[in-house]
Amino acid sequence: MAKKYYVVWKGRETGIFTTWDQCKAQVDGFAGARFKSFPTIEDAELAFGSKSQLKDSKTKQKVVAKVSKPKSVPLSQEQIDAMPFDVKIYTDGACDPNPGEAGTGLAVYENNELSELWYGLYQSFGTNNTAELNGLNQALLLAKEKLSQGNTVGIFCDSKYSIDCITKWALGWEKKGWTKPGGEIKNLDIIKPAYALYQEIASKVTIHHVNGHVGIEGNELADRMSIVAIESQDESLSLFKETDDISEILALRTG
């Protein structure tokens, strides 16, 4: 029988398990348990996210999974759809030129159905990084709201820079008084509040990196909204209400 890896998103203990018995022990009789089997550790890690830990059935101890997510294999639409989050938030930013006019867009899905599109946070002179950071910060704010309503939430962002700023680098920067060797830390006006917000909900939300412009619908829609933000010069964050025709929205100018 082919070996399987079991992802438990919600159970007595969460993570990646190597046997069904170990998985069953976490989910059997657990209210609202969320779990799924995968044929490879790579697929399991992609589904669970960057914080994954492999639970070895022989040692019964947690060990960091040695097989990391292959950088050359991005998340696919099918893999994202299979993730059992109630709410999936896609975020993107655009700048034209870079630096220049910048804007942010978000696409929110509930049970894999598009429910909200947001655009705004226009900057007359921003950068691609500030637009992306603004988007991730807004995604975290939305995630906090959705979590308070009892939903599970996943965030999908195509800016590795923004994700690393908030989930990795900010911890070290904060410990060193928001300084780093060799120069200033740019965009701290966005990074600090976003990091503080992430710290509040980090145990309840997973931020996934996706490749941009590879046909992932939510990412494409967030991209179009970032251009709407630039064209409208809307400095607030507004719901997009012009049309709910996805094909029509995708036909708009790309970032």
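Mentor: Before we look at this predicted model, one definition is needed: a helix is a DSSP run of H or I with at least four residues, and helices are numbered from the N terminus. Helix α2, residues 41-48, is such an element, and α2 is followed by Gly49, whose phi is positive, near 110°.

Trainee: What makes helix α2 mostly covered?

Mentor: The cut-off for buried is under 20% relative accessible area, and six of the eight residues of α2 are buried. These are Ile41, Ala44, Glu45, Leu46, Ala47 and Phe48, so by that cut-off the helix counts as mostly covered.

Trainee: Which residues other than glycine have a positive phi, and what are the values?

Mentor: Most residues other than glycine have a negative phi. Among those that depart from this are Asn187, with a positive phi of about 65°, and Gln233, with one of about 55°. Asn187 sits in the loop between α5 and α6, while Gln233 lies in the loop between α7 (217-232) and β11 (237-239).

Trainee: How do you know whether Asn187 and Gln233 are buried or exposed?

Mentor: Asn187 has a relative accessible area of 18%, and that is under the 20% cut-off, so Asn187 is buried. Gln233 has 47%, which falls between 20% and 50%, and therefore counts as partly exposed.

Trainee: Why is α5 called parallel, perpendicular or oblique to α6?

Mentor: The axes of α5 (residues 160-175) and α6 (residues 188-201) come within 10 Å and cross at roughly 90°. Since angles from 65 to 115 degrees count as roughly perpendicular, α5 is called roughly perpendicular to α6.

Trainee: Which residues make the contact of α5 with α6, and of what classes are they?

Mentor: From α5 come Tyr161, Cys165, Ile166, Thr167, Ala170, Leu171, Trp173 and Glu174, and they meet Ile191, Ala194, Tyr195 and Tyr198 of α6. By class, this contact has 10 nonpolar residues, one polar and one charged.

Trainee: How do you know whether Ile166 in α5 is buried or exposed, and which residues does it touch?

Mentor: Its relative accessible area of 1% is under 20%, so Ile166 is buried. Leaving aside residues up to four places away in sequence, Ile166 touches Leu133, Leu136, Leu140, Ile191, Ala194, Tyr195 and Tyr198. The C-alpha atoms of Ile166 and Leu136, which are 30 residues apart along the chain, are separated by 8.9 Å.

Trainee: Why is the pair of Tyr90 and Tyr109 called stacked, tilted or edge-to-face?

Mentor: A pair of aromatic rings is described by the distance of the centres and the angle of the planes. The count comes to nine aromatic pairs. In the pair of Tyr90 and Tyr109 the centres are 5.5 Å apart, within the 6.5 Å cut-off, and the planes are 70° apart, which is over 60, so the pair is edge-to-face. Tyr90 lies in strand β6 (residues 87-96) and Tyr109 in strand β7 (residues 100-110), so the pair ties together parts that are 19 residues apart in sequence. Tyr90, at 3% relative accessibility, counts as buried, as does Tyr109 at 6%.

Trainee: What makes the peptide bonds before Pro97 and Pro99 cis or trans?

Mentor: Most peptide bonds are trans. From Asp96 to Pro97, however, the bond is cis, with omega near -10°, and the bond that joins Asn98 and Pro99 is also cis, with omega about 0°. Pro97 lies in the loop between β6 and β7, and Pro99 is in the loop between β6 and β7 as well.

Conventions. Residues numbered from 1 in each chain as written. Predicted model: local features only at pLDDT ≥ 70, side-chain atom pairs only at ≥ 80, totals over all residues. Heavy atoms only, no water. Axes fitted to C-alpha atoms, helices over the stretch in contact; angles between N-to-C directions. Helix = DSSP H or I, 4+ residues; strand = E, 2+ residues; numbered from the N terminus. Parallel < 35°, antiparallel > 145°, perpendicular 65-115°, else oblique. Contact = heavy atoms within 4.5 Å. Nonpolar A, V, L, I, M, F, W, Y, C, P; charged D, E, K, R; others polar. Phe/Tyr/Trp six-rings, centres within 6.5 Å; stacked < 30°, edge-to-face > 60°. Buried < 20%, exposed > 50% of the residue type's maximum accessible area, 1.4 Å probe, protein only.
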